[in-house]
Amino acid sequence: MPRQIDLLPTPAHVKPKKLIVLSAPRTGTYGLYLAFQKLGFKPYHMKEVLEAGPTAVNILNDGLNADMFHKGKPYGRAEFDKWFADYDVIIEMPFFMLHSILKAYPDAKFFLTERDPDKWAKSFVNTVGKMTSLFQTFPMSIFRHFDGFASGMSYMGGSVFGYYSNGYGASPEGMKYLAENYRNYIAEVKRLVPPEQLKVCKLEDGFGWEELCPYIGVPVPDQEWPALNTPEEFHAVAAPKMKKAVMKGLAGTMSIIVPALAMGLWYLRKENMF
């Protein structure tokens, strides 16, 4: 079965990448996404996946399966050129396929925001963890099967949350592993990326235009840094797609239940049982 990325046409033009952000979700990445837009760049972030729908989710899942779980062929530069052809900044996607990204862009300029591991674990649980739990709970556990986007996001969230929590979820043991594996991720980034190609900022120390703009060679704008990195922002971005999944799930469920009820009534009447 072909990967979703293999079904995309080869682009006629690929934008050079100004910066690749290696930060994990919940470390100020949405603020970076909005900041790059204000600076006139075109960044790719999880918000693009949410807006694009099932195709983008499938591309993401194929990539993380290969990189994190060694299932399938990892993406190379050709695949990333298809995926990110129209974008000049990549945000969050490297978290799901770090080794593939670093191999495909050995000479790129990288940026990393890091956060206190225990705070990151709590934030990850309050966003990705809650989304994963929602998809595994009735009625979304049924509805997700009627919506390609919901099904793909359920798989992505469950896979990554399980991977970083060592399968313990939001339990105390899971929180411990989330923090530990996040530390390991940060250490891996710093081990693999040459220091001269990587700028690191800590969320708790505060970062904004002054840290980003000189690094990428653009003037500091006279405006406030966007976004607060709150769970409410995450859920607000995901809410429209979740609503659509619920409506499709309801429609799909009813399309099965109504004919089944009609068939049951017909059978009962046929057998003189009703």
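Biologist: Which residues have the most contacts inside the largest nonpolar core?

Modeller: That would be L22, W83, M93 and F96, in a core of 54 residues. Bear in mind that we're looking at a predicted model.

Biologist: Let's take F96. Which residues does F96 touch, leaving out those up to four places away in sequence?

Modeller: P25, M46, L60, L64, D67, M68, M156 and V160. Another core lies apart from the largest one; this other core has 15 residues, including L19, F36, F41 and F111.

Biologist: How much of the protein is buried?

Modeller: Buried residues account for 49% of the 274 residues. As for the outside, about 13,700 Å² is exposed, with carbon and sulfur atoms supplying 58% of that area.

Biologist: Now pockets. How do I read those?

Modeller: Rolling a probe the size of a water molecule over the atoms shows where empty space is left. Here, the largest pocket has a volume of about 280 Å³. It is lined by 14 residues, and H99, Y163, Y164, Y185 and E188 are the closest to its centre.

Biologist: Which helix gives the largest share of that lining?

Modeller: Helix 10, with four residues. Helix 3 (54–69), helix 5 (93–96), helix 6 (98–104), helix 9 (148–164) and helix 10 (172–192) each supply at least two. Overall, the protein has 12 helices and five strands.

Biologist: And confidence: what is the mean pLDDT?

Modeller: The mean is 86, and 81% of the residues reach 70 or more. Over residues 256–268, though, the pLDDT is below 50, and that stretch has five contacts in the model beyond near neighbours in sequence.

Notes:
Residues are numbered from 1 along each chain as its sequence is written. This is a predicted model: local features need pLDDT of at least 70, side-chain atom pairs count only at pLDDT 80 or more; totals for chains, interfaces and linings use all residues. Side-chain values use heavy atoms; hydrogens and water are left out. Buried means under 20% relative accessible area, exposed over 50%, partly exposed in between (1.4 Å probe, protein chains only). Accessible areas come from the Shrake-Rupley method with a 1.4 Å probe; for residues, only the protein chains shown count as cover. pLDDT is the predictor's confidence in each residue, from 0 to 100. Contact means heavy atoms within 4.5 Å. A nonpolar core is a set of buried Ala, Val, Leu, Ile, Met, Phe, Trp, Tyr and Cys residues joined through side-chain atoms within 4.5 Å. On a 1 Å grid over the protein atoms alone, a cavity is a set of points where a 1.4 Å probe fits but cannot get out, and a pocket is an open set with protein on both sides within 12 Å along at least five of seven lines; lining residues have an atom within 4 Å of a point. Grid points are joined across faces, edges and corners, and a volume is the space filled by probe spheres set on the points.
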